[in-house]
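Biologist: I am new to this model, and I would like a close look at one part of it, the aromatic rings, together with the strands and the core around them. Please take it slowly and explain each term as you reach it.

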Amino acid sequence: MSDFTLQQLDDAYQDYFSIEHAISINARPLDIALPDAAALQNAIPAPFLMASEASNLNNSALRSLNRLGELAEELALYLQQQARKIDLLLQYVLQQQDINSQRYSTLSYGGSGCCFLADIALQPMQVLELKIFLDNNDGAVFCYGQVLSCEPADGQWQIKVVFNRIREEDRELIVRASLHQQSRLLKQKAEQRQRQDT
C-alpha cells in the first residue's frame with residue numbers, strides 16, 4: 001500500500017502497544033511521497049544495518065547455547081562479553097548519526113509509531129525520515145513514518161507518527177526494546193513497593 005488515509009494511519013497506530021518512555025529520535029520532514037520498501041532499503045545508513053545484524057546474531061547465538069547444557073553458561077558469558085564490546089563500538093558509531101538539529105525525545109513509542117514534542121507544527125500525512133536510538137544498547141532503527149496528528153501542547157506541538165516504511169526485523173527490535181523497558185519499569189515498581197512495605 002503506497003498511499004495511506006488518516007484513518008488507515010490511525011488504525012496502524014493501534015496495532016501495537018506503546019510505552020511511555022523517553023528515547024532519542026531524529027525526525028526530518030521530507031517533501032516527497034512515502035518511499036517504497038526498495039527505497040527504504042537503499043537509504044538505510046550502514047551503521048543501522050550493522051546494529052540490526054549484530055542484535056540478531058547475538059540473540060540467535062544465545063538461543064543456540066541453551067541447548068548445550070552446563071557448559072553453555074560459561075560460553076554464554078564469554079559471548080555476552082564479546083557482544084558487549086561490539087555494542088559499545090556500534091553505539092559510538094551510531095552516535096555519529098544523531099543530528100542535534102533533528103533530535104527529539106519521545107513521550108511514548110512502540111511497534112507502530114511514536115509520539116514526541118516539537119517546536120514547529122507538522123501537517124498530518126507529512127512524510128518523515130526517522131532515526132530511532134533505543135536505550136540500553138537495544139539497537140537503532142532507520143525508517144520512514146507519516147504524521148498521524150499534530151496538537152498544541154504547552155506551547156509546543158505533540159506529534160504522533162506512524163512507522164509506515166520499516167523493515168519487519170526493525171519493527172521487532174522496537175517491540176522487544178519496548179517490552180524490555182516495560183519489564184524494567186515493572187521491576188522498579190515492585191522494588192519500590194517492597195521498600196515501602198519494610
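**The aromatic rings and their surroundings**

Modeller: One aromatic cluster is made up of Phe48, Phe133, Phe142 and Tyr144. Before going further, please keep in mind that this is a predicted model, in which local features need pLDDT of at least 70 and side-chain atom pairs count only at pLDDT 80 or more, while totals for chains, interfaces and linings use all residues. Residues are numbered from 1 along each chain as its sequence is written, and side-chain values use heavy atoms, with hydrogens and water left out. The average pLDDT of the chain (the predictor's confidence in each residue, from 0 to 100) is 88, and 91% of the residues score at least 70.

In total there are 4 aromatic pairs in the structure, where rings of Phe, Tyr and Trp (its six-membered ring) count as a pair if their centres lie within 6.5 Å, and planes under 30 degrees apart are called stacked, over 60 edge-to-face and the rest tilted. Phenylalanine 48 and phenylalanine 133 have ring centres 5.9 Å apart and planes at 50 degrees, so this pair is tilted. It links distant parts of the chain, since phenylalanine 48 lies in helix α3 and phenylalanine 133 in strand β5, 85 residues apart; helices (H or I, at least four residues) and strands (E, at least two) are DSSP runs numbered from the N terminus. Both phenylalanine 48 and phenylalanine 133 are buried, a word that stands for under 20% relative accessible area, with exposed meaning over 50% and partly exposed in between (1.4 Å probe, protein chains only).

Tyrosine 104 and phenylalanine 116 form another tilted pair, because their ring centres are 4.8 Å apart and their planes stand at 40 degrees. Here too distant parts of the chain are linked, with tyrosine 104 in strand β3 and phenylalanine 116 in strand β4, 12 residues apart. Tyrosine 104 and phenylalanine 116 are both buried.

The strands that carry this second pair are worth following in turn. β3 and β4 form a hairpin with 2 residues between them, and the two run antiparallel, joined by 3 bridges; two strands are said to pair if DSSP finds at least two bridges between them. Across that hairpin, tyrosine 109 stands opposite cysteine 114 in β4. Cysteine 114 also stands opposite valine 161 in β7, where 6 bridges join β4 to β7 in an antiparallel arrangement. With 5 of its 6 residues buried, β4 is largely enclosed by the rest of the structure. Confidence in the chain is highest in β4, at 98, and lowest in helix α3 (residues 46-65), at a mean of 75, the helix that holds phenylalanine 48.

β3 has further partners. It runs antiparallel to β2, with 3 bridges between them, and isoleucine 25 stands opposite tyrosine 104 in β3. Strand β1 (residues 18-19) pairs with β3 in the antiparallel sense over 2 bridges, and there the bridge partner of isoleucine 19 is tyrosine 109.

This brings us to the nonpolar core, a set of buried Ala, Val, Leu, Ile, Met, Phe, Trp, Tyr and Cys residues joined through side-chain atoms within 4.5 Å. The largest one has 25 residues, and those with the most contacts inside it are Tyr109, Phe116, Ile132, Leu134, Ile159, Phe163 and Ile174. Two or more residues each come from β2 (24-30), β3 (103-110), β4 (113-118), β5 (127-133), β6 (140-153), β7 (156-165) and α5 (168-197). β6 gives the largest share, 4 residues. A second, separate core of 21 residues includes Leu9, Leu34, Ala54 and Leu90.

Phenylalanine 163, one of the residues with the most contacts inside the largest core, shows how many parts come together, if contact is taken as heavy atoms within 4.5 Å. Leaving aside its neighbours within four places in sequence, the residues that phenylalanine 163 touches include Gly110, Cys114, Leu130, Ile132, Tyr144, Arg171 and Ile174. Among these, Tyr144 is one of the members of the aromatic cluster with which we began.
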